[in-house]
Structures are given as C-alpha cells and as structure tokens.
Amino acid sequence: MSRVDVFLDAVDSKYRAGDVVRGEVVATIEREDAPFNHQGVVVTACGSVAMRVGEGRVTMLEALFTSVDPVSVLDVQSVLAPPGRLATGVHKFPFSFPLRAFPASMPVYETFHGQNTQVVYAIDAEVARPILRGGSLTTGMCEFLVESTPDEEDAENVRASGRVEFEITEEQQDLGPAPGALATEGFLVRGYFDKTSWFLEEAITGALTVVRSAAPLKAIEIELCRIEGCTTSEGQALSETSPVQFTQVADGDCARGTEIPIHFVIPRLFTCPSVQAATFSISFMLRVLCVFEPINPGNKEPVAVRAIPIQLYRGGPSVKPKALEL
Amino acid sequence: MDVRRDRVGVSRSFADAFAAHETYEASMTSSRKLCAFVRDAATARVRTLGRGDANADAIVKDGAREEGRASCASTSTSESMDGDAGAETVRRGAAAFAEDPVDALMRAANASDSDSEELNQRGASVEVVELGRGAIGGTRETEEDVNERWRAKKKQTHQRHSGRGTIQVSMAFEIISTKAKGEAGVEARLAELENTTSGLNAQTHRISQQEYVTRLKRLNEDIANAWLNDDRVNALKLCVKVSRLLADTKVGKFYPVLFVLVTEVIETVGRLVFDRITRKAEEPGPNGSSKPLPDNFKASHVRALAKNTCRNWFYKISTIRDLVPRMYMELALFKCYRFLQDEPPVMQARRLLQQARGIADPLAAAYIRMYIAKCVLACDCETPESERTMEILKEFMPSYTKVLDEDAEDDPSTSYIFALGMQRAEYVELMDPAMEWLIESCAQNSNPALLQKVLYMGGEKPAVPFLRSVFRSLSKILIRENAVKFISLISATSTDEDSIDHVGAMADCYCVLVDKFEETPPREDDRLAILSEVWRAVQKWTHIEPYLRVAERFLHYIIKYLTKGELETLMKDVARHVHAWLEKAREKEPMKSPTLSAPAMRYVARSLQTTTDYFKGVTALLNLKWYVYLGETLRGDAKVEYSASVLNCAASGSKVTDPLCLHTLLEAARTVHDNVDGMSSDDVREEAELLVLRFIDSVDFGDDFEAHLNFLVVARSAFSNLDQVQELLVYRALLLVTGVYEHVGSAHTSKTKAFVNACTAYCQITIPSVRGVEVRLRLFTLAARAALVHALVQQADGLIRSAVTDAQESGGESAVGGWIDLPTEKSEQEMLDFVRRCGSLLIVAPGNLEQGAFLVFRGLMKVIEDFEWQPSSVSEIRSYIALIPAIAAMVQEKLPYKLDGVQSSDVLFAGEEAYVDEATELAHALIQRATDLAGTELTRNDDEDGEDGECAYKSMATDLARANIELANAIAVACKPSPSMLALANGIIDRARRVLPADECERAGKRVKELLGEDAPDA
C-alpha cells in the first residue's frame, strides 16, 4: 500500500517556541498505484488548547449546554508540491516553518496533556486526491512536542524562591472514621521543599522527618496535582484539581528522627509551565500525604495531607536536566 | 592277611617302613616335640588371624610333615552392603536459578534483535578473574572482581538460606500468587467480593519455595519474550513487578534467596537496556556501517539519539510510584548513567543511599544498601579509601544494632521483627549476608585503619554477629596482629545471664578466630595469652554445647602451638564442665541417668580422638583420669568410635599389663563388639574383629596363667559374636597349656594339673561355638594333642570323640557351619587331613577299655563312609589309605609314637589276641574298601567334551593311578609278607601302569616286593 510519512528532524520531536520546524514528507508509491495523480502535497501544522468541563463539576445536563471554545495557537499550512504525478518509488518533500504563535501576541503554550485541558500540536501531511479517485494519502495528525521559551524573568523567579517548610500534625486534618490514637496523641511530621518555583527539568527536592507518631505509618507519598481552570463561554470559571503523579518517599513505619530525602522527578508530558491565560489556566500543587495503618485492618486508612502550591517554569537548555542527579 | 607286627627287639621293619611312610608324624614321638608343635601351630595361626586373607586355605606341607596353615576362615563376600551409609543429601528447596534465565535472555537477545547483527557484550563480560585483594594502599577493585565476588556471595547466600518450608505470599502481589493469568483475575475478584471487609492484603497463600522459584522463572521468561517481541514497555512493566517483590519481607527466611533471584532478573533487564542504548549509540545512520563505541567511552562520544533513549528510560522508571521498585530499577540501570555523564554516578548513589532511609523494614533496607554497595563498586564510584562503602556501612550499622538491641521496644523497626515471628537473633541472621558483603567490600581495601573504623562502627560494645562477620572477612595478618584485642572484644559482649544463642554466637566468633590461627600462627608471646583470655570467658559458660565446640577447636590450637601441660589443663577443665553439667541434669531429673546431647557428645568424642592421636601411648593415656571419665560419658556411636580409637592406639603399642588399662580396654572392646550385630556391614564386622583380636593378643599376664585363663573366660562370654575371636581364644588357651609344659615339664603339682585340665575343658567348651567345620576339626585335633602333652588322656579322648562326632554331624544340608559351606574340593581335602591327623592321634590315644579299643577308630571309618565324597574321588581312597598304616601301627608291640605319662594301647592291650584280631579285621576291611574304590572305572564326564574334557579325564586318571600306587605302598607297609598280599599289591600297581610312566610303577613294584616278598625281613 502506498503511504505517506512525515519525519521531523528534532530528536524526540521536541521543539522550542521560536524554533524552525524542519522535516520532510516522504511519500512511498507502490507499483499498483503508480502513476499517482495528485492535487498537491500539503503539510499542515496546528496547535490548540482544547478544554472541556470536568465531569465532577457539572451534571450531565449542564455539560451539554456549557461549552468551552478551544483556543487556537498555531495554524500553518504549506503546499510542498503543486498538483502533479508521482511515479513508483520514494518521494521526499522537505519543509520547514517557524514555530510562532498565531496570532503573534499569543505565547506558544507548551504541550500539555491534562485531564480537562489539552494543549496539542500536530502535523499532518496529505497527498490530495479526490475521493472518487481513491482518496488522499494522509498521515493523520502526528503530534509533536513543543516547549515554551524560557523566560529570564521566570528564571529569576525560580532562583529567588526560597525554602518552604511545612509541618503536618493531627490538627486540621480529616483523619477518617476511626483515627484512634492519632486524633488524641497525634503525630508530627516536619519537612521542607527546597523551593516553591521549579524548573520542569529539575526534580523537586526536599526532605522530611517523622518526629513522632502515635500510630504506625504505612507510607508517605508526595503527590503532584494540577489545577486546571477554564472559563466557559458564559463566563463561568471552573477549576478542577487532579493528581498527576504519586511518588512514595517512605515505605512503612520508618525510623523516627531520621531525615528522609524527597526526590520527585517531574513527569514530562503531563506537566507544563504554570499558565494563566484568558480562557484557561494551569497551575500545580504539591501534596504531602501521610498514610497511617488503620486501627483494624479493613478499615479505611487515615490520611493526613498538607498542600503546598508551586510554580513550574520551563528552564530551557541552559538548565541542566538535573532531574537525574542530586 | 596279617598285620605286620614288629617283634620288640627282633624286627623293626614296620617301624622303619612306617617312619618312611607319608602319614608318619615326627612330632608325636615325644611330649616335648608335641608341645613344641602345638605351640608353633597355635602361634602361627594366631598371627594370621584377622589378617583377612580371602584366599582359600593353602595347606603347607613341609618336609617334617608339620602342619602350619596360612588361611582365613572368614569368607568375605564380594558385595559390601552399605547399610547405614549414604549421607542423606539435603534437598534444597530453591533450584539453582543462576544460569538459565540470564543465558536464555542473553541468547534470545543475541539471536533476533533486529537492530544489529553483532551484539557486543560490553560491560556484560564476566571473565573469571582471580580475586584480587587490593595491595596495601588500596587499589580499587575492577568491575570483574566485583562481579566475581558478587556471584560468590550470591551462591553463598543461596546455600545458606535456602531450605524447605512454605512461604506466605499475599494476594496483593498477584503476579506471584496467581496460578495462571486468566484464572487469577477471576479468582482475585471473587475473593475481593467475598472478603470486602478484610481487604485484599489479608489474603495470603502458602506456597513452597520451589513453587515460588518456578513462578519467578516463568516471569523471567515472560520478560524475555516481551523484550524479544520488541515489547519493551511490557518487559519493563513485568520487571517492575518483579522488583516490587522485594518490598515484601513477609516471606521471612526466604528473603535472602528471593533477593538473589530478583536481583538476577533485574540485572538481566539492566544489561539488556544497556546494550540497547549502546547499539543506538553506535549506529551512525540507517545504512551506514556501525562503529563500536570504545571501551572507555565518554559521554561526549555518545550520540544524541542514544542519550535521549537513555534519558527516556530513566524518566520512565522515575515515575514508578513505590519506593522499593523505583530504587531497584534505578540501581539496575545504574550503569547507563555513563551515557549521560562522564563522572561515575556518585551523586546518584548518595541520593539513593539517603532514600533508603525511607524503607522502614530493616531487612529490606539492609539488602537494598547491600545492592547499592555492589553497584557503587561495579560502576567505579569507589575511592581508594573506600569512602562510599564506609558511608553505606554508616547508614547500615545503626539499623543493625537497633535490631539487636533488646531494649528498643518502642522502635518502629521492632514490629517488623515480630511480624515475622522470629527472635531478634534469628532476624539478624537474615541480615548477615548484607552485612558480610559490606564488610567484605571494606576488607578489599587492606588498609588496617579502615577496618579499625569498621570495627568501631559496631559501637562501644559491638554485637557478636557483627564481630563474627568482621572477623570472617578480616585478613589473617590483621587478626594475628590484634588477636588478643579481638578476643577481649568478644568476651566483653558477655553478661551474666547469657542466652544460649548469644553464647553460641560467641563460640562462633572464637571458632572463626581459631580457624584463622590454623593457617597463620599467632605471635609467640600471644599464644598463651590468647588461650587464657578465651578461657576466662568460656569457663563461665554453663551451656555445654558451645563450650565443647570452643574446647574442641582450641584443642587443635593447643596441640599445634602450645605444650602438653596446657592440653591437660584444658581437658581437665572440659571434664569438670561435663561433670558439672551432668550433675545439674541429674538434679533436675533424678530418675533418669543424664546423658549429653548428641552434638555435645560428638565434640567430646572428637576431642578424645585428637588426644588419643596425640598421646600415642595407651598406658599413659588411660592413666589420665579425665580421659577415662570423658570416655565414660559417651554413648552410642560416639562411644563406639572412641572405643575403636583407644583400641587402635593400644594395638600400635606394646603389651598391656596394667590391670586398670586392661579393664578399660576390655570395656572398649566390649563396646566395639556389642556394636556388631546381625545387620552390621562386613566392613564394620571385620574392623571390630581386628580390633578385638589385636587387643586380646596384646594382653600379657606374665607368669600368671590363672589370671590369663580367667581373662579368656571373660573374653569368651564378652565376644560371643565374633568367630575369629573365639578361635583366637582357643589358641591362646592352648598356648597356655604349652606354656605350662615349658614351665613344669611332666612334673605336675595338683594345682598345675587342675589348671591344664581347666584349660582343656575351656577348649572343649569353646570349640563347638566356632564356625566352620574344618576350623573346629583342626582345633579339636590340636587341643587333643595339647591334652596328650600333659597326659590328660580322658580330655584327649573326649576331644577326639567330639571331633569325630562333629565331622559326622556336619554332613548334610541342614548342618550349620557344616561341610556344605565349603567348596567340594576343599571339604574333601579337609576331611582327608582330618582323617590323617585323627589317625595319628588314635595311635597314641589309648582305646576305651569298656567299649572296645577301636571304638573311635570305627567311628572314624564310619565318618569316611558317610561323608559325601565326589564320585571317583581320590581323596576318599586316600583317607582309607591313611588309616591302613595307622591301624597297623596300633597293634605294634612298641608304638612308633610315645608320649610321657600316656599309657597307650600297647600297654593297655598288650598281648590281647582279641585286640590284634580286631585290628586285623579292620585292616582287612580297610584294604578291601580301598582296593574296590581304587579299581573303579573312571567314567568320562559326558558334559565336558573336547580339550577340557580330555585334560580333566587325564588328570583324574593320573590321580587315581597315583592313589593306587599309594595303596600298594600302604599295603606293603601294613601287611605281613605273603604271596597273596604281594599279588594283590602288584595287581594294584598294574592298574596304574596304564596311565603312569613305567619307571614310577617299577619303583613301586620293587618296594612292594621288598616289603612283601619272600626275602622280606618278617617273612
């Protein structure tokens, strides 16, 4: 079967805003289809922010009526070859286009696969042919990744951000139906995160210590949550919090008083720099979860939570991917 | 026919003829000679007893016709039965998992990985390199060394900790607890539905170790298959699941083995990933030739594509939620950091080490630290001062000591220990491989200061298991230098109330140290100090087993490095301890007699064995009170071994005269003998026999014959199971008899007479219980001779009669130990010998006044008749031939044999015609019978045809012919010259002429003519 593929030059198909996206469309024509009469080879790149209202926030009925318009970020089309004929074999059509937002005032948002918000960039190549003649050859939407440009201001923010310390005690906690000794004698977990603003390339680091606890611990986890907000066409602002990733820091009832490091690697596709746009917003938050052993096995486990909002920024190539190091 | 008779003073024709005849025995001519003969025969036989000659008897006939036999009565069967042998191999529950999965995966990865044709196994190479202990100054171990050591450690852990038993597996780890993928899902869900309250974690299976391993293997295959199908995502997922298993320490004692198995799996995956990235780094393009990466490539050499892939892998694993699998996966891919950075991944290692604090379970934490240490070493992160390993050890030790700390009840780690239902000491044992690995890794760096630091990490009072591991890994030189210090460290851990485990662990430590001393001798001045230090602590122990263990090891040490005095002191102390322990046991249970436990006894036995070997002189040995006492505390097999060694020691020495020694040795011999029963194998029996024989041989009472006889009596009842011993006892008794003769000659006092009577009576009683009819007959005749030496006529008569009865009754199939046990030729030969000897005896032994002079003679003839001879047997003829001159001799006026004090038939029946007539009659009958037999036609054996048949026939014919000649000779000797006899004799010789050469027959004919012809002297 004849086919058409698009290859991008970047490793990992990752581009930064402002880069020139280069690649080639490769059409492979089999003998049975040759000569291939086509109406042109066109490559289209588009990017948009698609939003939907989360299921938990509105009822079904409301969901039918509320809608959020997608925001288009990129829309580029270029004709690579005029209508013509393709012989048997492999044909390559190189192309390139700059990765610039359209309209120009819009920042190029980073690729983000969230729960309700999706920022997706894709490229599509087509060798056009009318349906009656057999239909076009197309690649379909091939996603490529876009990273936003790092901002000097952002870098400054990150550098300036300081340590945030936290303490988790039994106060102000909903410990579930049968907290037992926890509610009375309580517990104390102290810890800190090195910064409140992080580059996406880094790992979130910090440490925590279990000072005392009346009940044995089951685990301590760090949860990264995203808060996706969107403004409906009616002007309603809805936001939803959902977890992105859990990373266990302590397994079991760890020793009291020892400092346990936190090293949380920020996942790539499911995070992006914190964004506050006109119609949507994406922000992030860390939650420290202390899970205790239930009094009677079978009961729900008491969980104590502390939330800490953070800012994420794109560091760019100047920031070494320290995620893999200390 | 008339029997030739010498007329005293007139003719000596018979005497001369008889003297020239074959059956004449020179020894019977005087008591002295006879005594000498008996003595020599007995001594010769005694010497050969128990030597285990498996050959058939060789009848030695020398010129003087004295009989000395080299033989062996016992028949050793060719098959040896291993009754109790065959050490039971302990079945190991976990199969050897080592080679298969790795090879399978590697081969599979080799075969059909689509990216390249060659697979360069860089970094996966595990050439066997000899283990280098770093030179002074600490060179680093190469990667191969580390891998080599790791493999040894894995094997050791596997062996030490694998075993049988079931493992509890919770349903949460569904990959292991599932039977098959399809079923499991349903089962698990059903279970969930049923037990909504208890929750999934409470569900546990119990499976055997073997099954667990099998399931792991299956998982490994799944991973391999997934990788081959380019489904690397799935392979990774499965691998993560496998590594998650290490978070579950509820498997308890299986955990070390589980660790070994799981790390092998994840290492394999790690290697696969590394190779994949390597290949990605090599390919310059889709159509170019690939240039392999140099061996020590830098990150800068690596293509961006490969770096990307590498980073992707790391990102992938960093998203694993659970701590334990995430860490293990990162460690599996640790080597891949090399693609991203030039420096060894020290930072990452440190981070991982700190993250390990988050693992609350001490066992899991210990093992992951062990693995971190291994990866650190293998990836070249270590410094010459072993800083990394020390860091790890610093993290590890507090957790370890806390486990051992009895007072740390509140510590959260305690709950993990008790969740497994183990004691602290047991739990700590599971952590031992980890600790040993860490300490060994430190020990690779032979800088002594380093190990000093390690030692100090144990704290003020380091725990005994820690010390034990440290000592195991320390080099011998270090131990030598610091021997006394180390020992005081161990001793310092002891408190007043020590549990048996603690004491046992201390004993282990001491033993480890002493073992090191075996190879490197400690310093001169230290030697005694070491012993006294150790003893100061050990002496206080009341638990007997650890004490004995240490004592036994130190025994070797003392023998090697110290003097006999110390050995005695040590053993005295051992005896004291054993005594005290037994006393205490007796107090607790006054009704039972206390015994040591089996392992304790083994230690005692071994110590005694060492002492026996050392001392070599049994008298000295048995005079040591502690030796005898300790020997008495032994029971069962240990006691038998001990007895055997004592007897061996005694046998190698000189005669035993000391009565105390004797008593002890007798007891020892008794033990060895009692150990032999119907079911003992032949080897055991032979050995026991040999020991007892040598013991009895070595006993020397000097001139106290009575004491000796008493001893023999005791021995007979004590050693009733061993035949050769009984035989020996008879010979010894006979030697006593001859000994008496040598002392007093014929001048007996009533006491001596009674004594020799007792001796012969002893023989009379003992001989029937000896096995083997030929042995018995030999003994009977020898005993009869001995009796005759002392003119004990009645005894001799009794003995001869018993002999004849025995020969008679031993025929037939139902006789136990009868003729039927012997092969036919042998039995015939024996019979012939017996007849000859008996015949000689009968010449001297006086006939019975009431029942007829020839009663026994007739009995003997009947025996020959009834014996089952082979058809055409020459021996039968020869037996008759043997008796002919004998009967003739019996009627002589002067017997050819004469013994002091014995009134033979010539005196008793002198002049009685009836006597002579009876003899003539018997002679006639004998000659008749012999002639008939000798004349039988040889039948050809139809079965044997051809060459063999001819030869056999010819040899038989020759034998028969010779027999005829002998017959003729005998007749000539025995009969008065007469033409009829001459004719008969000649006729007999004619029979032989057909087969034998002419000159032989001529000679015979001439001789016959001489004796029987007209010119014969008696004619």
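## Salt bridge within helix 35 of chain B

With a relative accessible area of 34%, B:R801 counts as partly exposed. The structure is a predicted model. The side chain of B:R801 meets that of B:D797 in a salt bridge, at 3.1 Å from N to O. Both residues belong to helix 35 of chain B (residues 793–809), where they stand four residues apart, or about one turn of the helix. B:D797 has a relative accessible area of 19% and is therefore buried, since the limit for that class is under 20%.

## Other salt bridges

Over all chains, the structure holds 44 salt bridges. One of them joins B:E727 and B:R45, whose side chains meet at 2.9 Å, N to O. B:E727 is placed in helix 32 of chain B (residues 723–744) and B:R45 in helix 2 of chain B (residues 31–48), so this pair ties together parts that are 682 residues apart in sequence. Both partners are buried: the relative accessible area is 2% for B:E727 and 3% for B:R45.

In chain A, a salt bridge is formed between A:E165 and A:R163, with the closest N and O atoms 3.2 Å apart. A:E165 is exposed, at a relative accessible area of 57%, whereas A:R163 is partly exposed at 48%. Chain A also contains a network of salt bridges, which links A:K14, A:R16, A:E110, A:E147, A:E201 and A:R314.

## Aromatic pairs

Two numbers describe a pair of aromatic rings: the distance of the centres and the angle of the planes. A search of the whole structure gives 23 aromatic pairs over all chains. In the pair of A:Y109 and A:F280, the ring centres are 5.1 Å apart and the planes stand at 70 degrees, so the arrangement is edge-to-face. This pair links distant parts of the chain, 171 residues apart: A:Y109 is in the loop between strand 8 (89–98) and strand 9 (112–113) of chain A, and A:F280 is in strand 21 of chain A (residues 280–292). A:Y109 is buried, with a relative accessible area of 11%, and A:F280 is likewise buried, at 3%.

In chain B, the rings of B:F334 and B:Y337 have centres 5.7 Å apart and planes at 90 degrees, so they also form an edge-to-face pair. B:F334 is buried at 2% relative accessibility, and B:Y337 is buried at 2%. Elsewhere, ring pairs connect B:W150, B:Y255, B:F259, B:Y328, B:Y367, B:Y371 and B:W437 into a cluster.

## Charged surface patches

A positive patch on the surface brings together residues from chains A and B, namely A:R268, B:K237, B:K241 and B:K316. Within this patch, B:K241 belongs to helix 8 of chain B (residues 232–244). B:K241 is partly exposed, with a relative accessibility of 31%. Patch members must have over 30% relative accessible area, so the 31% of B:K241 satisfies that requirement.

A patch of negative charge on the surface gathers B:D2, B:E913, B:D917 and B:E921. B:D2 is located in the segment before helix 1 (13–20) of chain B, and its relative accessible area of 41% makes B:D2 partly exposed.

## Individual residues in chain B

B:D230 has a positive phi of about 65 degrees, although this residue is not a glycine. Its place is in the loop between helix 7 (209–228) and helix 8 of chain B. With a relative accessible area of 41%, B:D230 is partly exposed.

B:T389 lies in helix 14 of chain B (residues 387–404) and is buried at 1% relative accessibility. The C-alpha atom of B:T389 is separated by 8.0 Å from that of B:V376, a residue 13 positions away along the chain.

Technical notes:
Residues are numbered from 1 along each chain as its sequence is written. Chains are lettered from A and ligands numbered from 1 in the order in which they are written. This is a predicted model: local features need pLDDT of at least 70, side-chain atom pairs count only at pLDDT 80 or more; totals for chains, interfaces and linings use all residues. Side-chain values use heavy atoms; hydrogens and water are left out. Patches are made of residues with over 30% relative accessible area and no salt bridge: like charges are joined within 9 Å, nonpolar side chains (Val, Leu, Ile, Met, Phe, Trp, Tyr) within 5 Å. Accessible areas come from the Shrake-Rupley method with a 1.4 Å probe; for residues, only the protein chains shown count as cover. A salt bridge is a side-chain nitrogen of Lys or Arg within 4 Å of a carboxyl oxygen of Asp or Glu. Lys and Arg count as positive and Asp and Glu as negative; His and the chain ends are not counted. The place of a charge is taken as NZ of Lys, CZ of Arg, CG of Asp or CD of Glu. Helices (H or I, at least four residues) and strands (E, at least two) are DSSP runs, numbered from the N terminus. Buried means under 20% relative accessible area, exposed over 50%, partly exposed in between (1.4 Å probe, protein chains only). Rings of Phe, Tyr and Trp (its six-membered ring) pair if their centres lie within 6.5 Å; planes under 30 degrees apart count as stacked, over 60 as edge-to-face and the rest as tilted.
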